[in-house]
Amino acid sequence: MTSSRDRAIDRPLRVIFLSWRDSGHPEAGGAEAFLDHVSRHLAEQGHDVTVLTARYEGAAPDEMLDGRRFLRRGGRFSVYLWSLLRLFLRSRSVDVVVDVQNGIPFWSPLVTTKPVVNLVHHVHREQWPEVFGPGWWLESRVAPRVYAGSHYLVVSGATRDELAGLGVDPERTTVVYSGRDPAPPGETLPTPQPSLAVLGRLVPHKRVELAMDAINALRHRHPSLVLHVVGHGYWNDELHAYADRLGVTDAVRFHGFVDEAEKNAILGAAWVHVLPSLKEGWGLAIIEAGAHGVPSIAFRGASGTTESVLDARTGYLVDDVGELEAAIERLLLDPLRRRELGEAAREFAQTFTWAATGAEVELVLRRAIGLAVSSVPHQYAARTPEAVIGAVAPSAEAPQTG
């Protein structure tokens with residue numbers, strides 16, 4: 001006979017996600033991929049899932065997609081007000097709210113007494129001067145007070161530590177790493193022509209310009225070197241103009257938005273993946289490149305990259321543009337080292353799956369509303385950041401980027 005306690009453990013949850021973009025949005029990136037996979041996992045497990053998000057061209061205002069209800073209203077800023085109103089009206093029929101804080105949260109604790117999980121990919125300290133000056137004050141001072149009674153969900157230990165610096169108790173913060181899409185069967189071999197790949201949204205803080213600077217600095221010694229830029233965004237025209245001013249238009253291939261097959265083909269054929277971003281909560285593109293056996297180079301100061309790149313084991317972390325160029329050239333000249341790092345990156349990437357990510361987030365949501373969690377598979381409940389990061393044995397080589 002099933003007890004009332006067992007029924008409480010296994011009963012479906014009614015979950016509302018508040019996110020200013022979904023995965024179909026023209027400016028969608030890693031945060032939206034996380035939301036898409038996690039919400040789909042929850043729906044597959046029988047939970048009632050609703051996503052409140054902004055409208056965009058070509059998107060239906062109301063849509064059922066893979067068992068999830070999408071309600072799209074408002075634009076980049078008005079979506080916040082509309083979503084709060086909708087949540088207030090539906091609060092009684094919700095078990096838990098996932099409030100995606102992309103710089104500015106939705107302030108959901110102001111309109112609901114139901115448990116709120118604040119999902120933060122990274123802290124935006126460095127980016128606010130480029131976008132909206134008062135934003136940092138709202139993110140760093142106001143948000144921690146409004147969410148003082150909420151649980152935090154983050155995608156890296158680096159983000160957890162940055163939030164702790166803003167006064168968020170690490171005991172209320174759970175790290176759940178992003179998963180990855182499986183690499184297609186078969187192996188795409190690197191092209192004979194030396195090539196770099198940059199994958200991500202085309203926005204200022206991704207700093208694709210630095211990858212073009214590297215091409216410009218190295219092309220006199222590597223005249224056939226090319227850079228593949230995969231992604232789209234509002235900074236696209238500025239990047240084309242920068243390539244033209246730099247005189248590297250013949251060496252830079254702008255692919256724009258591509259489907260999964262083409263993205264995998266470009267990544268798999270690249271010699272090195274470069275992530276010159278100013279800030280990353282995790283660095284999903286690094287894991288996607290690693291799944292193809294391609295090592296990555298990223299900036300140590302970008303925060304989450306210190307976990308998605310295992311320095312001198314799956315790629316290199318660098319501190320400035322000079323080190324970036326030196327690390328790229330080293331891997332261009334050393335195919336054996338490039339292969340060693342790539343194979344370790346592949347092994348590391350295999351430890352991340354969306355199934356594990358979804359199960360871990362489900363665990364967080366159950367805990368947030370006080371339900372027991374014995375029904376969550378042990379292999380997911382037992383995962384810790386330390387266990388995941390330690391999946392690849394240390395290299396005998398000390399980090400070298402010069």
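**Entry 1: His 228**

I looked up His 228 and asked whether it is buried or exposed. His 228 counts as buried, because its relative accessibility is 19% and the cut-off for buried is under 20%. The model I am reading is a predicted one. I found His 228 in strand 10, which runs over residues 226–230. Next I checked its partners. Leaving aside neighbours within four places in sequence, His 228 is in contact with Ser 195, Leu 196, Ala 197, Val 198, Arg 253, His 255 and Ile 266. I took one of these for a distance. Ser 195 is 33 residues from His 228 in sequence, and their C-alpha atoms are 7.3 Å apart.

**Entry 2: the whole chain**

I stepped back to the protein as a whole. I noted 16 helices and 14 strands. Of its 402 residues, 55% are buried. I then looked at contacts with a separation of 6 or more. Residues 24 or more positions apart account for 68% of them. The accessible surface comes to about 16,900 Å². Carbon and sulfur atoms hold 55% of that surface.

**Entry 3: confidence**

I checked how sure the predictor is. The average pLDDT is 87, and 86% of the residues score at least 70. Over residues 1–8 the pLDDT is below 50. I noted four contacts for that stretch in the model, beyond near neighbours in sequence. Residues 398–402 also have a pLDDT below 50. There I noted 12 contacts, again beyond near neighbours.

**Entry 4: the nonpolar cores**

I wanted to know which residues touch the most other members of the largest nonpolar core. They are Phe 17, Leu 163 and Leu 365, in a core of 59 residues. Helix 2, residues 30–44, gives this core its largest share, with five residues. A second core lies apart from it and has 32 residues, including Val 229, Leu 239, Ala 251 and Val 274. I wrote one general remark beside this: in soluble globular proteins, nonpolar side chains tend to be buried together.

I followed Leu 365 further. Beyond four places in sequence, Leu 365 is in contact with Leu 13, Val 15, Leu 42, Val 96, Val 98 and Val 117.

**Entry 5: Ile 297**

I moved to strand 13, residues 296–299, where Ile 297 is found. Ile 297 has 0% relative accessibility, so it counts as buried. I listed what it touches, not counting residues up to four places away. Among them are Val 272, His 273, Val 274, Leu 275, Tyr 316 and Val 318. Leu 324, Ala 327, Ile 328 and Leu 331 are also touched by Ile 297. For Val 272 I noted a C-alpha separation of 7.6 Å from Ile 297, with their positions 25 residues apart along the chain.

**Entry 6: aromatic pairs**

I asked how many aromatic pairs the structure holds. The structure holds eight. I opened the pair of Tyr 234 and Trp 235. The ring centres of Tyr 234 and Trp 235 are 6.3 Å apart and the planes meet at 80 degrees, so the pair is edge-to-face. Tyr 234 is partly exposed, at 44% relative accessible area. Trp 235 is partly exposed too, at 23%.

Then I opened Phe 348 and Phe 352. This pair is also edge-to-face, with 5.0 Å centre to centre and 90 degrees between the planes. Phe 348 is buried at 1% relative accessibility. Phe 352 is buried at 0%. Ring pairs link both of them with Tyr 177 and Trp 282 into a cluster.

**Entry 7: arginines over rings**

I looked for arginines placed over ring faces. Arg 207 lies over the face of Phe 299, at 4.9 Å from the ring centre. Arg 338 lies over the face of Trp 271, at 4.1 Å from the ring centre. I kept Arg 207 open for the next entry.

**Entry 8: positive phi**

I turned to backbone angles. Most residues other than glycine have a negative phi. Arg 207 has a positive phi, near 50 degrees. I found Arg 207 in the loop between strand 9 (195–199) and helix 7 (208–218). Its 24% relative accessibility makes Arg 207 partly exposed.

Where is Ser 303 placed? I found Ser 303 in the loop between strand 13 and helix 11, residues 305–308. The phi of Ser 303 is near 85 degrees, a positive value in a residue other than glycine. Ser 303 is buried, with a relative accessible area of 12%.

Notes
Residues are numbered from 1 along each chain as its sequence is written. Side-chain values use heavy atoms; hydrogens and water are left out. Helices (H or I, at least four residues) and strands (E, at least two) are DSSP runs, numbered from the N terminus. Buried means under 20% relative accessible area, exposed over 50%, partly exposed in between (1.4 Å probe, protein chains only). Contact means heavy atoms within 4.5 Å. A nonpolar core is a set of buried Ala, Val, Leu, Ile, Met, Phe, Trp, Tyr and Cys residues joined through side-chain atoms within 4.5 Å. Rings of Phe, Tyr and Trp (its six-membered ring) pair if their centres lie within 6.5 Å; planes under 30 degrees apart count as stacked, over 60 as edge-to-face and the rest as tilted. A charge sits over a ring if NZ of Lys or CZ of Arg is within 6 Å of the ring centre and within 35 degrees of the ring normal. pLDDT is the predictor's confidence in each residue, from 0 to 100. Accessible areas come from the Shrake-Rupley method with a 1.4 Å probe; for residues, only the protein chains shown count as cover.
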